[in-house]
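Student: I would like to go through this model step by step. Where should we start?
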Amino acid sequence: MKRLCLIALIALTACKEEVAVAPDPVDLTPDALSFFCQMNIAEHGGPKGQIHLEGYPAPLFFAQVRDMVAYLKSPERDADITAIYVSDMSVAPNWQQPGVSNWIAADVATFVVGSDVAGGMGAREVVPFSNPADAASFIDQYGGAALPLSEIPDTEVLGPVDLGLLLETPA
């Protein structure tokens, strides 16, 4: 019986799948380019996003979290996603300087969706916070609703952007 248990244990160990460890977030550098438009991210205010892909040495950066969520909802990707990080606006210095190293995992962030705030590229932004109370304060001032990443509606990030819509830029 002991021999049978040992054989079963060895077989289970041999079949064990390797669990990938998510890479750490990468600090935003002055020369980082936004994935979709290839524009310099440092020139645009508001929260940013980064997505790490399996087999890629550097993350894809996004000048707006809205664009990052649109990428996530797109069926066309170059590789499997290993990590997703967003600017933590709970600790960001300000809207124009959202920080270079204050990243949080997107799956633990509270996102304000539907506010009257424009992101770095001029479209309505999806704003991430580590602290739900900070998200609630933001909603009191700019409107919107608090949602987890998994519940952000397609209509908030896909489709045309009305650039004629007057949106605020937080201080």
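Tutor: With a definition: strands are DSSP runs of E, at least two residues long, numbered from the N terminus. Two strands pair if DSSP finds at least two bridges between them. Note also that this is a predicted model.

Student: In β3, which residue is the bridge partner of G49?
Tutor: Strand β1 covers residues 49-53 and strand β3 covers residues 81-87. The two pair in the antiparallel sense over five bridges. For G49, the bridge partner in β3 is V86.

Student: What is the order of the four strands in the open sheet?
Tutor: Pairing in this sheet is antiparallel. β2 (60-62) and β4 (103-105) each have a single partner strand, so they stand at the edges and one side of each is left without a neighbour in the sheet. From one strand to the next, the twist averages 25 degrees. The order is β2-β1-β3-β4.

Student: What angle does the direction of helix α2 make with that of β1?
Tutor: Helix α2 spans residues 65-73 and packs on the sheet. The helix touches β1, β2 and β3. Its direction and that of β1 make an angle of about 30 degrees.

Student: How do the elements of the protein run from the N terminus on?
Tutor: The secondary structure comes to four helices and seven strands. Their run is α-β-β-α-β-β-β-β-α-β-α.

Student: What percentage of the residues in the protein is buried?
Tutor: Buried here means under 20% relative accessible area. The protein has 171 residues, and the buried share is 42%.

How values were computed
Residues numbered from 1 in each chain as written. Predicted model: local features only at pLDDT ≥ 70, side-chain atom pairs only at ≥ 80, totals over all residues. Heavy atoms only, no water. Axes fitted to C-alpha atoms, helices over the stretch in contact; angles between N-to-C directions. Contact = heavy atoms within 4.5 Å. Buried < 20%, exposed > 50% of the residue type's maximum accessible area, 1.4 Å probe, protein only.
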